[in-house]
Amino acid sequence: MASILPTKRAFGYEVKRFYFCLKNNSKKEGKWVKEMLKSCKYCGRIHDEKTVCPMKPQRKKKSGAIEKFRSSWVWKGKREEIKRRDNYICQICIRNLYDTERIINHKDTSVHHAIPMEEDSNRWLDDDNLLTVCSMHHSMAERGEIPRSEILEIIQEQQTKTPPDRQCLIK
């Protein structure tokens, strides 16, 4: 006792199926049930809307040493310390370099490794390798649009400006 009413849609066919539920112990027992079937964008077949297509690509989780380090409490503490050293302000914006939009930019800041983590694992927590930057300058630095030597100079300036009581005691 099922009727199928196909309707054409932009991405294939959508099928509406109505049936009378006869299952015992079901909330829908003795009622007409409407079920939506749609064409799958992964395989092109028609599935129930609750079915997960086996052709759907699976996302792979990254589980390397760098990802584990970034979620560690040691990194979170060091990151906060560097942001505090730099007064939570992008150090490239404050110097008005590289298409600065706001001179005092404290929104969406992160800590950048001047020498990438992939290159030298011994310098992951070194103060003279870390700098607070905004998201725009962080992506520019990652792409190499801001020279590494200039980033290292800014870090050196920050290290000399920072009073000794605000520097890290644990290395």
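Accessible area, as I use the term here, comes from the Shrake-Rupley method with a 1.4 Å probe. The model I examined is predicted.

**Entry 1: the chain as a whole**

I looked up the surface and found that the chain exposes about 12,500 Å². Carbon and sulfur atoms supply 53% of that area. I then turned to burial: of the 171 residues in the chain, 32% are buried.

For the fold, I recorded 4 helices and 6 strands. Along the sequence they follow the order β-β-β-β-α-α-β-β-α-α. I also checked the contacts between residues at least 6 apart in sequence, and 50% of these join residues at least 24 apart.

**Entry 2: aromatic rings**

I searched for aromatic pairs and obtained a count of 2. One is formed by Phe 69 and Trp 75, with 5.4 Å centre to centre and 45° between the planes, and it is tilted. Phe 69 also pairs with Trp 124, again in a tilted arrangement, at 4.7 Å centre to centre and 45° between the planes. Where do the partners of this pair lie? I located Phe 69 in helix 1 (residues 65–70) and Trp 124 in the loop between strand 5 and strand 6. The two residues are 55 apart, and the pair links distant parts of the chain.

Ring pairs thus join Phe 69, Trp 75 and Trp 124 into a cluster. I asked next whether Phe 69 is buried or exposed. Phe 69 counts as buried because its relative accessibility is 10%, and the limit for burial is under 20%. Trp 124, with a relative accessible area of 15%, is buried as well. Trp 75 is likewise buried.

**Entry 3: a nonpolar patch**

I examined the surface for nonpolar side chains and noted a patch formed by Trp 73, Val 74 and Leu 125. Together these residues have about 330 Å² of accessible area. Leu 125 sits in the loop between strand 5 (109–113) and strand 6 (130–134). Its relative accessible area is 31%, so I entered Leu 125 as partly exposed.

**Entry 4: His 138**

I placed His 138 in helix 3, which covers residues 135–143. Why does His 138 count as buried? The reason is its relative accessibility of 19%, since buried means under 20%. Which residues does His 138 touch, not counting those up to four places away in sequence? I listed Ser 110, Val 111, His 112 and Val 133.

Methods:
Residues are numbered from 1 along each chain as its sequence is written. This is a predicted model: local features need pLDDT of at least 70, side-chain atom pairs count only at pLDDT 80 or more; totals for chains, interfaces and linings use all residues. Side-chain values use heavy atoms; hydrogens and water are left out. Patches are made of residues with over 30% relative accessible area and no salt bridge: like charges are joined within 9 Å, nonpolar side chains (Val, Leu, Ile, Met, Phe, Trp, Tyr) within 5 Å. A salt bridge is a side-chain nitrogen of Lys or Arg within 4 Å of a carboxyl oxygen of Asp or Glu. Buried means under 20% relative accessible area, exposed over 50%, partly exposed in between (1.4 Å probe, protein chains only). Contact means heavy atoms within 4.5 Å. Rings of Phe, Tyr and Trp (its six-membered ring) pair if their centres lie within 6.5 Å; planes under 30 degrees apart count as stacked, over 60 as edge-to-face and the rest as tilted.
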